[in-house]
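Got the viewer open? Let's walk through this one stop by stop, selecting as we go.

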Amino acid sequence: MIPHGRPTLDLHGVADLAGVSLTTWRRRHHDAFTAAVPPLPGTLRPALYDAAQVEAFLDGKPLPSLPATPHPDDLLTDAEAATVAGVSASTIRADAVSGLMPRGEERHGRRWWTRATAEARAARPTQYRGRAPGARDKAPRRRRPDHRVAEVAAELERADIGRRGPVTAGELAALYEVSTRTAERIMAKARTVRGTRGSDRKQPNG
């Protein structure tokens with residue numbers, strides 16, 4: 001979570017603020033830094049740090065406290081937003097792709113949603129059935145189709161009819177937190193699905 005109104009730094013930013021290279025920072029200062037300054041909750045990929053706490057550490061001063069009260073404009077990861085909304089993280093991402101909720105804000109290479117957005121999602125019933133977070137089946141489950149393929153196929157169709165801009169591998173890589181190559185494979189499967197649907201619609205009756 002990124003608290004409302006608090007600038008953040010990744011390790012590159014921390015090293016820049018200290019005036020050293022990232023390699024030098026890791027070798028000489030990182031152990032003492034991580035022992036004193038905790039990363040913001042939920043920000044392990046990448047780890048993010050509150051800028052005011054970083055500055056205090058570098059100045060040899062006590063760390064200022066983070067806000068103790070939740071704020072509607074706090075920025076949450078997909079997992080954190082899902083916890084607030086009472087759905088799965090994949091549902092948050094799918095709703096963002098389909099336009100059922102805002103697409104979120106991109107920072108430090110990943111997407112974030114405000115607490116207010118997650119709370120609004122909690123007040124809206126899910127429009128499709130899905131696996132509840134933490135649910136356990138008594139019998140082994142069969143492998144389910146990749147939900148991303150259907151989501152991307154829908155977005156490709158929207159792009160074809162002019163309801164959105166082109167779908168790009170970079171966009172999908174950021175949304176699903178995968179590599180560009182994986183995003184390209186998802187797009188290829190989605191195009192295959194769309195092609196199969198199109199051929200089914202062209203079949204003559206009888």
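**Stop 1: helix α4 and its neighbours**

Start with the buried residues of α4, which pack against β1 (8-9), α1 (11-18), α3 (30-36) and β2 (49-50). To see them, select residues 51-58, the whole of α4, and pick out A51, Q53, V54 and A56, the ones that are buried. Then step just past the end of α4 to G60, where phi is positive at about 70 degrees.

Before going on, a word about what you're looking at: this is a predicted model. Its average pLDDT is 84, and 85% of the residues score at least 70. If you colour by confidence, look for residues 128-132, where the pLDDT is below 50. That stretch still has seven contacts in the model beyond near neighbours in sequence. Where pLDDT is low, the predicted coordinates should not be read in detail.

For the overall picture, switch to cartoon view: the secondary structure comes to 10 helices and five strands. Of the 206 residues in the protein, 35% are buried. Now think about contacts between residues with a separation of 6 or more: 63% of these join residues 24 or more positions apart.

**Stop 2: the loop after α4**

Select L66, in the loop between α4 and β3 (75-76). Is L66 buried or exposed? Neither quite fits: L66 is partly exposed, with a relative accessible area of 30%. Show side chains around L66 and you'll find R6, L40, D50 and Q53 touching it, leaving out residues up to four places away in sequence. Q53 is one of the buried residues of α4 from the previous stop. Now add P3: its C-alpha atom is 7.6 Å from that of L66, although the two are 63 residues apart along the chain.

**Stop 3: H4, before the first strand**

Next, select H4, which sits in the segment before β1. H4 is partly exposed, at 38% relative accessible area. Which residues does H4 contact, leaving aside neighbours within four places in sequence? They are H71, D73 and D74. Draw a distance from the C-alpha of H4 to the C-alpha of T114 and you should get 9.1 Å, with these positions 110 residues apart in sequence numbering.

**Stop 4: β5 and the loop leading to it**

T114 takes us to strand β5, residues 110-114, and to R110 in that strand. R110 is a charged residue, and its relative accessible area is 8%, so R110 counts as buried. Show what surrounds R110: apart from neighbours within four places in sequence, R110 is in contact with G42, R45, T77, D78, E105 and E177. Keep D78 and E177 in mind, as both come back below.

Just before the strand, click on H108 in the loop between β4 (105-107) and β5. H108 is not a glycine, yet its phi is positive, about 55 degrees. H108 counts as partly exposed, at 29% relative accessibility.

**Stop 5: α5 against α6**

Select residues 78-85 for α5 and 89-98 for α6. How do these two helices cross? Their axes come within 7 Å and cross at roughly 100 degrees, which means α5 is roughly perpendicular to α6. To see the contact itself, show D78, A79, A81, A82 and A85 on α5, and A89, I92 and R93 on α6. By class, that contact has six nonpolar, no polar and two charged residues. D78 is also one of the residues in contact with R110.

**Stop 6: α8**

Move along to helix α8, residues 147-160. At 1.5 Å a residue, the 14 residues should span 20 Å, and the end C-alpha atoms are 20 Å apart, so the two agree. Highlight V149, E151, V152, A153, E155 and L156, which are buried. An α-helix has 3.6 residues a turn, so residues three or four places apart point the same way. After α8 comes G162, with a positive phi near 80 degrees.

**Last stop: α9**

Finish at residues 169-176, helix α9. Seven of the eight residues here are buried, so α9 is largely enclosed by the rest of the structure. Select A169, E171, L172, A173, A174, L175 and Y176 to see them. Just after α9 is E177, with a positive phi of about 60 degrees, and E177 is among the contacts of R110.

Terms used:
Residues numbered from 1 in each chain as written. Heavy atoms only, no water. Axes fitted to C-alpha atoms, helices over the stretch in contact; angles between N-to-C directions. Helix = DSSP H or I, 4+ residues; strand = E, 2+ residues; numbered from the N terminus. Parallel < 35°, antiparallel > 145°, perpendicular 65-115°, else oblique. Contact = heavy atoms within 4.5 Å. pLDDT = per-residue confidence, 0-100. Expected span 1.5 Å × (residues − 1). Buried < 20%, exposed > 50% of the residue type's maximum accessible area, 1.4 Å probe, protein only.
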